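Open the model in your viewer and follow the stops below in order. The tour begins with the whole chain and ends at a single residue.

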Amino acid sequence: MIPVNKYFEGKVTSLSFSNSFGKFSVGVMVAGEYEFKTSCIEVMTLVSGKWFIQLPNETDFVPYPEGSSFEVAANESFKLKVLEDCGYLCQYK
């Protein structure tokens, strides 16, 4: 069975899985603003949609276009401004 994770009152939903390439989640986010905390290194890729990212120790939100990725170190937090509903892939290292 594939685990389903829901955050922010169901506005962020993901499916978790592991394979020979590592541990991942794939999910969707409803337009809005979110803050996530990491427990390991995370590489987030925007599959479809529009979002702006505020990385740790940064003051500005930066747009990341579809297909682009960003990495956040373990035990950090980052913020997302999701401008339209989106799909993403997250790899955990």
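Colour the chain by secondary structure: eight strands and zero helices appear. Here strands (E, at least two residues) and helices (H or I, at least four) are DSSP runs, numbered from the N terminus. Read along the sequence, the pattern is β-β-β-β-β-β-β-β. The chain's radius of gyration is 12 Å, close to the 12 Å from the globule rule for 93 residues, so the chain is as compact as a globular protein of that length. That radius is taken over C-alpha atoms, and the rule is 2.2 Å times the number of residues to the power 0.38.

This is a predicted model: local features need pLDDT of at least 70, side-chain atom pairs count only at pLDDT 80 or more, and totals for chains, interfaces and linings use all residues. Residues are numbered from 1 along each chain as its sequence is written, and side-chain values use heavy atoms, without hydrogens and water.

Next, show only the C-alpha trace, which spans about 40 × 25 × 25 Å along its principal axes.

Now select serine 16, in strand β2 (residues 12-19). Is serine 16 buried or exposed? Serine 16 counts as buried because its relative accessibility is 19%; buried means under 20% relative accessible area, exposed over 50%, and partly exposed in between (1.4 Å probe, protein chains only).

Add asparagine 5 to the selection. Its side chain and that of serine 16 are joined by a polar contact of 2.8 Å (a pair of N or O atoms within 3.5 Å; within protein, one must be able to donate a hydrogen and the other to accept it, and residues adjacent in sequence count only if both atoms are side-chain atoms).
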